[in-house]
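Me: Could you take a close look at the metal site in this structure, and then work outward from there to the parts around it? I would like one connected account rather than a list.

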Amino acid sequence: MDVYIQKCQNCGSRNLRNILSRESAQHVYVQCRDCEHFVARYVVASGGYFHEGRDYESFLRTVTLDSGFTSGRDLKAVFDEVAESSRKGFGKALQAANDKYGDELP
Ligand SMILES: [Zn+2]
């Protein structure tokens, strides 16, 4: 796994703000809190957003609002899968970051 801790390409700060936006697709705009520059934009895949600590009802609202989601599968099962894979992925990414940066984790 290759990991990278994002930083502002303008000033080098890691003090970043995620702005979640729902239009035709869900976007995450990243802004530097220090110099206010635009850093990056992510497009969230259909059904791909997971927010730890939020319940199934919250997930369902997100998925229902997501026009690209067409699967007929049981949404609760999808939620459980997304929750599990998100937590596992976070754990792996954090481990990889610790392996890469050690005590210097930014
Ligand atoms: Zn900056």
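Reply: What follows starts at the zinc ion and then moves to the pockets and a few single residues. The model is predicted, and the account should be read with that in mind.

The zinc ion is held by four cysteine sulfurs, the SG atoms of C8, C11, C32 and C35, which lie at 2.3 to 2.4 Å from the metal. Along the chain these donors follow the spacing C-x2-C-x20-C-x2-C. The site also links distant parts of the chain, since C8 sits in the segment before strand 1 (16-22) while C32 belongs to strand 2 (residues 26-32), the two being 24 residues apart. Both C8 and C32 are buried. As for geometry, the arrangement counts as tetrahedral because the 4 donor atoms subtend angles of 104 to 117° around the zinc ion, and four donors are given that name if all angles lie between 85 and 135 degrees. For reference, the ideal angle for four tetrahedral donors is 109.5 degrees.

Another residue to note is E36, whose place is in the loop between strand 2 and strand 3. The phi of E36 is near 70°, a positive value in a residue other than glycine. Most residues other than glycine have a negative phi. With a relative accessibility of 58%, E36 counts as exposed, the cut-off for that class being over 50%.

Strand 2 also holds V30, and here the setting is buried, because the relative accessibility of V30 is 2%, where buried means under 20%. Leaving aside neighbours within four places in sequence, V30 is in contact with Q6, L16, R17, N18, H37, F38, V39, A40 and Y42. The C-alpha atoms of V30 and L20 are separated by 8.8 Å, with their positions 10 residues apart along the chain.

V30 and L20 also appear together in the lining of the largest pocket, which is made up of Q6, N18, L20, V28, V30, Y42, V44, G48, Y49 and F50. This pocket has a volume of about 290 Å³, and the elements that give two or more residues to its lining are strand 1, strand 2 and strand 3 (38-44). By class, the lining of the largest pocket holds 7 nonpolar and 3 polar residues, and no charged ones.

The second largest pocket encloses about 250 Å³ of space. Its lining comprises 17 residues, of which R22, Q26, Y49, H51 and T62 are the closest to its centre. Strand 1, strand 2 and helix 1 (56-65) are the elements that give two or more residues to this lining, and helix 1 gives the most, with 4 residues. By class, the lining of the second largest pocket has 7 nonpolar, 6 polar and 4 charged residues.

Finally, for a part of the chain not yet mentioned, Q95 lies in helix 2 (residues 75-101). Q95 counts as partly exposed because its relative accessible area is 43%, a value that falls between the cut-offs of 20% and 50%. In space, the C-alpha atom of Q95 is 9.6 Å from that of V3, although the two residues are 92 apart in sequence.

Note on methods. Residues are numbered from 1 along each chain as its sequence is written. This is a predicted model: local features need pLDDT of at least 70, side-chain atom pairs count only at pLDDT 80 or more; totals for chains, interfaces and linings use all residues. Side-chain values use heavy atoms; hydrogens and water are left out. Donors are N, O and S atoms within 2.8 Å of the metal (3.2 Å for Na, K and Ca); water is not among the atoms, so sites may look incomplete. Four donors count as tetrahedral if all angles lie between 85 and 135 degrees; four count as square planar and six as octahedral if opposite donors are over 155 degrees apart and all others between 65 and 115; anything else is irregular. Buried means under 20% relative accessible area, exposed over 50%, partly exposed in between (1.4 Å probe, protein chains only). On a 1 Å grid over the protein atoms alone, a cavity is a set of points where a 1.4 Å probe fits but cannot get out, and a pocket is an open set with protein on both sides within 12 Å along at least five of seven lines; lining residues have an atom within 4 Å of a point. Grid points are joined across faces, edges and corners, and a volume is the space filled by probe spheres set on the points. Ala, Val, Leu, Ile, Met, Phe, Trp, Tyr, Cys and Pro count as nonpolar, Asp, Glu, Lys and Arg as charged, and the others, Gly among them, as polar. Contact means heavy atoms within 4.5 Å.
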